[in-house]
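Colleague: Got a minute to go through this one with me? I'd like to start with the rings.

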Amino acid sequence: MNTSRLSAGLLAGAAAAALLAAPGVASAQSGQQSSQAALEARIAQLEAELNALKGEVVAARTQQASQAQDIIRLETRPAAPAPVQQSAAPASLSEGFRIGDHTVKFGGFVKVDAYASRYSGGDPANGDALREFHIPGSIPIGGADEDTATDFNARQTRFWLTTDGMVGGHKIGTRMEMDFQTLPGAGDQRTTSPANPALRRAFITIDNWLIGQEWTNFQNTAVLPESADFIGAAEGTVFARQVQVRYTRGPFSVSVENPETTVTPFNGGTRIVADDNSLPDFTARYAVSRPWGDFQFAGLLRQLTYQNPATSIDSTTTGWGLSASTKIKVGSKDDLRLMVTGGEGIGRYVGLNFSNDAVLDASGDLDAIGVVAGFAAYRHVWAPGWRSSLIWSGQSVDNDTRFTGLAANRSAQSIHANLIWSPVTAFDVGAELMFADREIETGASGDLTRLILFAKYGF
């Protein structure tokens, strides 16, 4: 309703009422009293409408004031905090989970092996590690030939735990890995097949640094052949895991590693593990990857030390070694893997310590022992999920028999052929036939023929 129009109507009505109330007019128009009554009713109606309109205006103004106060409160109220962004849950446990600033992952595999072995020089004792994987220096020589021996075990089963994260602008990671292979449990297999957990790897990485127990920097694990055996090409492989401090920059890496010297007594006898070194072993490595494959060249420099106050022996000499290895792609799926290693005083690094590092001469001085070793392996993929590896491995030792005697290991070699099938991802079943022999300086030898069947599932 328009307020100005209502006010004009009220004024006009009031004026008309005043005219009718004048003395002259009232007497002259006494017959028009009914019209006056109607006008008064109209004025009363207009006044009621005006009062109602005033009420609406007041209510409207009150509502506007209230809305204005609400707006002021909203503008001055602190803003609500932004919702916290939650990390997306991993698609699977293998991709890890978050703990603080780190991604934690857990994995490993379960592996079950069955061995049928025949030893020309006599069976190794129950619990001997040779019954579970190929150790070139342990093949029996000179014993009686026995029937085939069958063994089952699951000791190669392995698990690992890793962490990776950024802390204070530095990339930090850890790895812990264990299996049950190297420390057989006490007792026999009458009621159980005992096994003890053994530490394989445990290290910290900080940017380009690695600190802890890891494969020696002198070794190239990327070229190890695929084998049913724990190592496979054992005679010709650089193989050691030990505590070290390593620095890597691009293709170059250097390390200082745990020292240890193994010694053959003068004229032969039980191996001496000296544990007398004052300097760590030093390694350097150059590794490259190309479209055709991978290549690595590594060097090792060592101090060899043995002290025995009881016999007045205190001797030190130098050991050194060089190793080259490669994996070459053949076609779209096959590959050729090669390693050759040579040096003096590196026996414990090659072939599972087939040869000692040094020998004591007649004067009680150390004489480093020379070693040449290597392997070649060809891997062929027959069809999706089906593959085979043919492996040859060997080592030759340059003993000075004037010092070592004639019972020292002269050479060892093995050949392996396998067939492996992966019916589903991460599940392998396979068979491997191997033949290995060991020869000592007298010319006597012993050989091992073994069939391995296995099943393995990784997670």
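Modeller: Sure, a cut-off before anything else: a charge sits over a ring if NZ of Lys or CZ of Arg is within 6 Å of the ring centre and within 35 degrees of the ring normal. This is a predicted model, where local features need pLDDT of at least 70, side-chain atom pairs count only at pLDDT 80 or more, and totals for chains, interfaces and linings use all residues. Residues are numbered from 1 along each chain as its sequence is written, and side-chain values use heavy atoms, with hydrogens and water left out.

Colleague: OK, so which ring does the charged end of Arg241 sit over?

Modeller: Trp215, with 4.8 Å to the ring centre. Lys456 does likewise over the face of Phe109, 4.3 Å from the ring centre.

Colleague: And how many aromatic pairs does the structure hold?

Modeller: Nine. Rings of Phe, Tyr and Trp (its six-membered ring) pair if their centres lie within 6.5 Å; planes under 30 degrees apart are stacked, over 60 edge-to-face, the rest tilted. One of them is Phe106 with Phe459, tilted, at 6.0 Å centre to centre and 35 degrees between the planes.

Colleague: Why does that pair tie together parts far along the sequence, and how many residues apart are they?

Modeller: Phe106 is in strand 2 (residues 102–119) and Phe459 in the segment after strand 22 (445–458), so the parts it ties together are 353 residues apart in sequence. Strands here are DSSP E runs of at least two residues, numbered from the N terminus. Ring pairs also link Phe106, Phe159, Phe180 and Phe459 into a cluster.

Colleague: New topic: is Asn277 buried or exposed?

Modeller: Buried, at 16% relative accessible area. The cut-offs are under 20% for buried, over 50% for exposed and partly exposed in between, with a 1.4 Å probe and protein chains only. Asn277 is in the loop between strand 11 (272–273) and strand 12 (281–290).

Colleague: What does its side chain have a polar contact with?

Modeller: The side chain of Thr261, at 3.0 Å. A polar contact means N or O atoms within 3.5 Å; within protein, one must be able to donate a hydrogen and the other to accept it, and residues adjacent in sequence count only if both atoms are side-chain atoms. The backbone oxygen of Gln303 is also 2.3 Å from a polar atom of the Asn277 side chain.

Colleague: Last one, how many residues are in the largest nonpolar core?

Modeller: 15, and Leu300 and Phe375 are among those with the most contacts inside it. Such a core is a set of buried Ala, Val, Leu, Ile, Met, Phe, Trp, Tyr and Cys residues joined through side-chain atoms within 4.5 Å. Strand 18 gives the most to this core, three residues.

Methods:
Helix = DSSP H or I, 4+ residues; strand = E, 2+ residues; numbered from the N terminus.
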